[in-house]
Amino acid sequence: MSHGKKSGGKPPKTGGHMLNERVLTARRRTVSSTRWLERQLNDPFVIEARRLGYRSRAAFKLMQLDDRFHFLRPGKRVVDLGAAPGGWTQVAVERVKALDGRGGKVVGMDILEWAPIAGAIVLTHDFLDDAAPGILKDAMGGPADVVLSDMAAPTTGHPPTDHARIVHLCEIALDFAQEVLAPGGCFVAKVFKGGTERSLLDLLKKSFAQVRHAKPPASRQESAETYVVAMGFLPSQSHPVEDESPDAD
């Protein structure tokens with residue numbers, strides 16, 4: 001995959017001023033949808049993603065997390081859950097050199113249809129289906145070094161419910177990660193700030209040497225999303241665990 005000009009995870013430059021493009025309210029468009037469209041048109045990460053050929057602004061979130069924690073290296077084998085439309089998969093392919101013959105491999109899965117990505121195995125399947133883990137393992141053909149999860153359930157507008165749903169998805173992704181990760185592997189997943197994820201963090205600290213929280217700059221400030229980054233997978237839970245207090249970017 002080629003984007004013409006490489007970009008790191010730094011916030012994109014937009015010149016001396018923001019676009020500040022206004023959108024007229026169409027007859028059948030609600031006020032909320034008009035505001036969403038206006039925000040998209042003026043979002044520097046959306047603009048930069050289009051310029052560089054990434055399928056979503058979320059690509060910059062993964063870049064920024066990797067710039068800090070360095071889990072996507074040439075030759076690594078990556079599983080991307082909740083991958084559509086493919087922004088994270090594109091970044092993973094680039095950073096593990098899956099197209100350069102250096103041993104990197106990327107497998108992505110999403111319940112939604114999504115277009116092929118050069119250098120990646122693109123799967124359309126419901127990860128919550130019982131057959132999904134087997135499908136992913138067959139596609140990987142061996143252990144993974146990194147399991148990424150940007151999965152999120154449709155929001156209800158009720159924060160405790162939304163938080164519980166995303167933690168549940170994270171726990172299911174973690175179960176899968178514990179099955180496929182090689183020793184020393186990494187697990188990265190989206191969670192929402194809700195104050196009830198202590199049980200999830202306890203599970204992570206039993207299986208990983210370091211567990212951190214980070215909110216990349218590309219994550220909108222008004223969003224409750226943050227990311228948990230667990231590094232140094234310990235297949236045997238009897239290993240000592242380094243307790244790291246969560247922090248945020």
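Lys190 counts as buried in this predicted model, with a relative accessibility of 10%. A lysine carries a charged side chain, so a good thing to look for is a partner; side chains of opposite charge can pair when their charged atoms come close. Which residue forms a salt bridge with Lys190? The partner is Asp150, and the closest N and O atoms of the two are 3.4 Å apart. Asp150 sits in the loop between β4 (144-149) and α6 (159-180), while Lys190 belongs to strand β5 (residues 181-192), so this pair ties together parts that are 40 residues apart in sequence. Asp150 is buried too, at 14% relative accessibility.Now let us follow the charges further. Lys190 and Asp150 belong to one network with Lys61 and Glu225, joined by salt bridges that share partners. Within this network, the side chains of Lys61 and Glu225 meet in a salt bridge of 2.7 Å, N to O. Lys61 lies in helix α3 (residues 58-69) and Glu225 in strand β7 (residues 225-233), so the pair ties together parts that are 164 residues apart in sequence. Lys61 counts as buried at 9% relative accessibility, and Glu225 is buried with a relative accessible area of 5%.

Helix α3 takes part in another pairing. The side chains of Asp67 and Arg95 form a salt bridge of 2.8 Å, N to O. Asp67 is in helix α3 and Arg95 in helix α4 (residues 87-95), which links parts of the chain 28 residues apart. Is Asp67 buried or partly exposed? Asp67 is partly exposed, with a relative accessible area of 37%, whereas Arg95 counts as buried at 18%. The count for the model comes to seven salt bridges, and here are three of them side by side.

| Salt bridge | N to O distance | Separation in sequence |
|---|---|---|
| Lys61 and Glu225 | 2.7 Å | 164 residues |
| Asp67 and Arg95 | 2.8 Å | 28 residues |
| Asp150 and Lys190 | 3.4 Å | 40 residues |

Have a look at Ser219 as well. Ser219 is placed in the loop between β6 (208-214) and β7, and counts as buried at 1% relative accessibility. Leaving out residues up to four places away in sequence, Ser219 touches Lys61 and Glu225. The side chain of Ser219 also has a polar contact of 3.1 Å with the side chain of Lys215.

Next comes helix α6. How does the span of α6 fit its number of residues? At 1.5 Å a residue, its 22 residues should span 32 Å, and the end C-alpha atoms are indeed 32 Å apart, which agrees. Buried residues in α6 include Ile166, Val167, Leu169, Cys170, Ala173, Leu174, Phe176 and Ala177. When you trace them, keep in mind that an α-helix has 3.6 residues a turn, so residues three or four places apart point the same way.

Stepping back, the chain has seven helices and seven strands. Along the sequence they follow the pattern α-α-α-β-α-β-β-α-β-α-β-α-β-β. Of the 249 residues, 47% are buried. Among contacts with a separation of 6 or more, 66% are between residues 24 or more positions apart. The chain exposes about 12700 Å², and carbon and sulfur atoms supply 53% of that area.

Finally, how confident is the predictor? The pLDDT averages 81 over the chain, and 76% of the residues score at least 70. Residues 1-6 stay under 50, and the model has eleven contacts for them beyond four places in sequence. Residues 238-249 also stay under 50, with 28 such contacts.

Definitions and conventions
Residues are numbered from 1 along each chain as its sequence is written. This is a predicted model: local features need pLDDT of at least 70, side-chain atom pairs count only at pLDDT 80 or more; totals for chains, interfaces and linings use all residues. Side-chain values use heavy atoms; hydrogens and water are left out. A salt bridge is a side-chain nitrogen of Lys or Arg within 4 Å of a carboxyl oxygen of Asp or Glu. Helices (H or I, at least four residues) and strands (E, at least two) are DSSP runs, numbered from the N terminus. Buried means under 20% relative accessible area, exposed over 50%, partly exposed in between (1.4 Å probe, protein chains only). pLDDT is the predictor's confidence in each residue, from 0 to 100. Contact means heavy atoms within 4.5 Å. The expected span of a helix is 1.5 Å times one less than its number of residues. A polar contact is a pair of N or O atoms within 3.5 Å; within protein, one must be able to donate a hydrogen and the other to accept it, and residues adjacent in sequence count only if both atoms are side-chain atoms. Accessible areas come from the Shrake-Rupley method with a 1.4 Å probe; for residues, only the protein chains shown count as cover.
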